[in-house]
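Please open the model in your viewer and keep the sequence panel beside it, so that each selection can be made by residue number. The stops below go from the whole chain to pairs of helices, then to the interior and to single residues.

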Amino acid sequence: MHANKGIHQKTVRRKMIGMLLGLTGMLVPFVVLMVIMLIHTNSTYGILLKNASTAADFNSAFKGTIDSRMYSHVIEPRTGHDEATLPLADVDDAVRVLERLSVSTTLPDNKWRIQSMLNWCESLRDYMIEIANTPHYDDRMTLLDRNIRGETGLTVLIETYMHDYLDAEVREMVRLQGLLRSRTYIFIAVSVLLAVILVVGGVWYSVRISRAIALPIRTLSETVSRFGDGNFTSAPIESDVIELNTLHDGIDEMARRIDLLMKTQIDNQRSLHKAELELLQAQINPHFLYNTLDSIAILAENDRAEDAVAMVNSLSTFFRVSLSKGKDVISIASELNHVRSYLQIQQLRYSDILQYTIDVPDELLCHDVPKLVLQPLVENALYHGIKNRRGIGHIHISGCIAGNDILLRVEDDGAGMEEDQIRDLQTGIYEDRHTGLGLVNVHKRIRLYCGEPYGLYFAQRPRQGTIVTIRLPLTFQHDEKEE
């Protein structure tokens, strides 16, 4: 079914996932690119800020510290050419700071400034050593003013270049801040635009999917509505959604099975009514009625009024239970009353060959059975078993619960049957073949009411006679029940 769609069919879930993946594929590259750009810009801004802070700290202390310590070195009494008091360590600290700035600085002009300041630091170191090796105070002071702290001195040049470096870094920070702000605005604007596109696209795709689902569902709903009118033909649907096609196929299969079940039920009802009619006709057998009435007349003529009354009462009970106000299902107690009345009539007629016992527990009496299932078995036991043997025969009716089933047994010690006859009889009622013993009717009605594996089962007694077992469900229910 729906083979023409083949691989083009998709589930609703796959359609939604495909839509989300398509929309996400539009958004993710842009978001990733913008995030990378923002991270890079923010990282660069952070480096510039750190460089500016380092340069500011450098400028606030370098010139004052070097000038002050060199002046102290120049004016203090000389004990020799000792360089230990020179602020060379401060110069080394300045060199390390400049080297760090050289690594992190990205602006070409600032790189050039850093390199110039590193060169001047080396020159500054040489001038310091020269001053330390100059013996006269005036010469040292001249060298200090000319080479180090004067207007043309190296500390002034380094301070000026560091100020220019700081100014360039700050300008770059301002530029990056503006770039970061503009990129943020672009990101927000494009994100809003993409969000609008996603929403519009999502709504459009959702409407498309909704229509692809709603129209076939409407068709399926109309099809199911027609089922209520007894029309089990379904209209085809055009959909590439797997769930809808599966649902349509399921409804088609359900309609086919319901139609088949209804036809089967109609056939079963016809068979059941036919079987019940045949059973009722068998119960009103003119030969049985004639023989019974003839027996009543003979009893009356022989002044056996009590036996005649008993036979009349038994006959009345027999036909009253047979009719059962048109009910098809009666209690086991009523079924036993029916078969007991039959046995009482037959025992009065065949008192010299027939005895019977009924041994059914009280706990079974309230359970339900299809009516008139025991009497045909007892009749077969009498006419095909007891009457075909010599001497008095015995019919024993018993019942028990086996798991979820009720077992009712009719046993006789009559002539019995061979194994082949038992097998043929069992096969005959299963295959609905006429057996000549009236048992197919009983078995068919039990199967129609209860289904498999319920019905009649036959077995030989260990020595002689036959056992017929009726298997019924313990929880047998039916709408038509004896009141």
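What follows is a tour of a predicted model, taken one selection at a time.

**The whole chain**

Begin with everything shown as a cartoon, where the secondary structure comes to twelve helices and seven strands. If you then colour by accessibility, buried residues make up 39% of the 483 residues. Among contacts between residues at least 6 apart in sequence, 72% join residues at least 24 apart.

**Helices α2 and α3**

Select residues 88-104, which form helix α2, together with residues 108-132, which form helix α3; their axes lie 10 Å apart and the packing angle is about 165 degrees. Angles over 145 degrees count as roughly antiparallel, and α2 and α3 are therefore roughly antiparallel to each other. The crossing of α2 past α3 is left-handed.

Now show side chains at the contact: from α2, pick out L88, V91, D92, V95, L98, E99, L101 and S102, which meet K111, I114, M117, L118, C121, L124, R125 and M128 of α3. By residue class, this contact of α2 with α3 divides into eleven nonpolar, one polar and four charged residues.

**Helices α8 and α9**

Move next to residues 305-323, helix α8, and residues 332-349, helix α9, whose axes come within 8 Å and cross at roughly 145 degrees. Here, too, the crossing is left-handed.

With side chains displayed, D307, M311, S314, L315, T317, F318, V321 and S322 in α8 can be seen to meet S334, N337, H338, S341, Y342, Q344, I345, L348 and R349 in α9. The residues of this contact of α8 with α9 divide into seven nonpolar, eight polar and two charged.

**The nonpolar cores**

Which residues have the most contacts inside the largest nonpolar core? Select I395, I446, L456 and I470, which hold that place in a core of 49 residues. Centre the view on I446, and, leaving aside residues up to four places away in sequence, you will find that I446 touches V373, G451, Y454, G455, L456, I470, R471 and L472. Apart from this core lies another, of 32 residues, including A55, L88, V95 and L143; L88 and V95 also belong to the α2 side of the contact with α3.

**Backbone details**

Go to the loop between α12 (439-450) and β6 (455-460), where P453 is found. The peptide bond leading from E452 to P453 is cis, with omega near 5 degrees.

Two further stops concern residues other than glycine with a positive phi, beginning with D303, whose phi is near 60 degrees. D303 is found in the loop between α7 (286-301) and α8, and D303 is exposed, with a relative accessible area of 70%. L372 has a phi near 60 degrees as well, and L372 lies in the loop between β3 (368-370) and α10 (375-384). Is L372 buried or exposed? At 1% relative accessibility, L372 counts as buried.

**A last stop in α6**

Finally, select residues 242-283, helix α6, and find I251 within them. I251 counts as buried, at 9% relative accessibility. To end the tour, add L220 to the selection and draw a line between the two C-alpha atoms: I251 and L220 are 31 residues apart along the chain, and their C-alpha atoms are separated by 8.2 Å.

Notes:
Residues are numbered from 1 along each chain as its sequence is written. This is a predicted model: local features need pLDDT of at least 70, side-chain atom pairs count only at pLDDT 80 or more; totals for chains, interfaces and linings use all residues. Side-chain values use heavy atoms; hydrogens and water are left out. Axes are lines fitted to C-alpha atoms, for helices over the stretch in contact, and angles run from 0 to 180 degrees between N-to-C directions. Helices (H or I, at least four residues) and strands (E, at least two) are DSSP runs, numbered from the N terminus. Angles under 35 degrees count as roughly parallel, over 145 as roughly antiparallel, 65 to 115 as roughly perpendicular and the rest as oblique. A crossing is left-handed if the near helix is turned anticlockwise from the far one by less than a right angle, and right-handed if clockwise. Contact means heavy atoms within 4.5 Å. Ala, Val, Leu, Ile, Met, Phe, Trp, Tyr, Cys and Pro count as nonpolar, Asp, Glu, Lys and Arg as charged, and the others, Gly among them, as polar. A nonpolar core is a set of buried Ala, Val, Leu, Ile, Met, Phe, Trp, Tyr and Cys residues joined through side-chain atoms within 4.5 Å. Buried means under 20% relative accessible area, exposed over 50%, partly exposed in between (1.4 Å probe, protein chains only).
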